[in-house]
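Student: Please take me through this one a question at a time. I'd like the cut-offs spelled out as we go.

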Amino acid sequence: MKIGIVCYPTYGGSGIVATELGMEMAKKGHQVHFISYSLPARLDVTIPNITFHQVNIQEYDLFHYQPYSLALSTLMVDIAERFGLDLIHVHYAIPHAYAAYIARQILKEKNIELPIITTLHGTDITLVGQHPVYKSAVEFSINQSDVVTTVSESLKKDTYRVFNIKKDIKVIPNFIDTHLYQPNGSCLRTNFAEPDEKILIHVSNLRKVKRITDVIEIFNKVQKSVQSKLIIVGEGPEWENAIQLIQKYKLEKMVRNVGKVKNLTHILKVSDLFLLPSEQESFGLAALEAMAAGVPVISSNAGGIPEVNVDGETGYVSNVGDIESMAGYAISLLTNESLLAQFKSNARAHANKFSLENILPLYEQLYKENSSS
Ligand code: GMT
């Protein structure tokens, strides 16, 4: 098949899922055309069958805001015509589903069919999409998509609750290549902690919704009972607030922000506990990646997180903002070696349910059922 994939190029979860999906489809022999405003962070263009097309925006003084959706629709039309796309799969509704709808209408005029699959990822529904300035256009474009998927049952429920959706929504959970997370003997542990210290980790884009200050508050309580270090992976606007707390609690020598890293799997493999106290999370791909590396998760119960992190089995789940409870769970797990070992093994086993091998065929089947040829 000839598949178009539209996504954000950033480190955010939706771009990562879209990129991994497209690369796997390409490895299976499908022709995959990525469309984005810059090269997606994890896209390996050396894989055969992959082509990247950049949306070029023409700067024009009249426009205070350049019309990105228009340029995106135009490029979709161009790629669909030139390469004979069988379908287009857009990740994150805004503005991708809307731009795809316009592209499909333009192509209809030329007697070309372009089925649209829209995958909703989270904040396009729970945060941005329901804002009155976007809501009717987002609702319209979801209803106009030929197929709509969400990454969790929780996000499906939220979508029906927030919008007037007339279509069936299919849940296809996020996935990971579990092979990348297997222990491989290489040990970076000494780069991050002393042998008798535990390593806690948080990975995100450090936006408000991730509650980074909760991460620091939890760690501050944990380090009083457990010799430990905290690694923060990622960059984002909340880091400034986190620094203030780190200074207030004098944790400078115990907390390390490594920024955006290429070899996240290596760091996850040496970690003991993952913290994800998010306000909102449709799925929690970062938690799944940690679990695949055998790292239990202490999380909030927001959105789809409980579908990934099984309370009392792969980690613990507390109410959003309940720092006491999350710190208590972390301490009880980190101070009980046999329980910690059991949870590490449970985390790895549960992550296998979301393996490429299990989830990819669901997307491939969807593509076959909705291909124009
Ligand atoms: O905030 C993020 O984590 C980025 C955001 C995105 O759309 O890129 O992530 C969303 O999609 C991910 C992949 O499906 C999910 O794992 C995240 O839970 C979801 N984030 C939120 O719902 C806040």
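Student: How many bridges hold strand 12 and strand 13 together, and in what sense do they pair?
Tutor: Before the strands, note that this is a predicted model: local features need pLDDT of at least 70, side-chain atom pairs count only at pLDDT 80 or more, and totals for chains, interfaces and linings use all residues. Residues are numbered from 1 along each chain as its sequence is written, and side-chain values use heavy atoms, with hydrogens and water left out. Helices (H or I, at least four residues) and strands (E, at least two) are DSSP runs numbered from the N terminus, and two strands pair if DSSP finds at least two bridges between them. Strand 12 covers residues 297-300, its pairing with strand 13 is parallel, and the bridges number four.

Student: Which residue of strand 13 is the bridge partner of Ser299?
Tutor: Strand 13 runs over residues 315-318, with Tyr316 and Ser318 pointing one way and Gly315 and Val317 the other, and all of them buried. Buried means under 20% relative accessible area, exposed over 50%, and partly exposed in between (1.4 Å probe, protein chains only). The bridge partner of Ser299 is Val317.

Student: How far from an oxygen atom of the ligand is a polar side-chain atom of Lys210?
Tutor: The ligand is surrounded by 18 residues (near means a heavy atom within 4 Å), with His121, Asn174, Arg207, Lys210 and Glu281 the closest. Polar contacts are pairs of N or O atoms within 3.5 Å; within protein, one must be able to donate a hydrogen and the other to accept it, and residues adjacent in sequence count only if both atoms are side-chain atoms. Gly13 offers a polar backbone atom at 3.1 Å from a ligand oxygen, and Asn174 a polar side-chain atom at 2.8 Å. For the polar side-chain atom of Lys210, the distance to a ligand oxygen is 2.8 Å.

Student: How much of the ligand's accessible area does the protein cover?
Tutor: Accessible areas come from the Shrake-Rupley method with a 1.4 Å probe; for residues, only the protein chains shown count as cover. On its own the ligand has 480 Å², and the share covered by the protein is 94%.

Student: Lys27 and Glu24 form a salt bridge; how far apart are the closest N and O atoms?
Tutor: A salt bridge is a side-chain nitrogen of Lys or Arg within 4 Å of a carboxyl oxygen of Asp or Glu. These two are three residues apart in helix 1 (residues 13-27), so about one helical turn separates them. Lys27 is exposed at 53% relative accessible area, whereas Glu24 is buried at 12%. The closest N and O atoms of Lys27 and Glu24 are separated by 3.0 Å.

Student: Which residue does Arg189 meet in a salt bridge?
Tutor: Arg189 is in helix 7, and its partner is 83 residues away, in the loop between helix 10 (264-269) and strand 11 (273-276). Arg189 is partly exposed at 21% relative accessible area, while the partner is buried at 4%. At 3.0 Å, N to O, that partner is Asp272.

Student: Which residue forms a salt bridge with Lys229?
Tutor: Lys229 sits in strand 9 (residues 228-233), and the other residue is in the loop between helix 7 and strand 8 (198-203), 32 residues apart. Both residues are buried. With the closest N and O atoms 3.0 Å apart, the residue is Glu197.

Student: How many salt bridges does a search of the whole structure find?
Tutor: Besides those pairs, Glu20, Arg42 and Glu289 are linked in a network. The search of the whole structure gives a count of 17.
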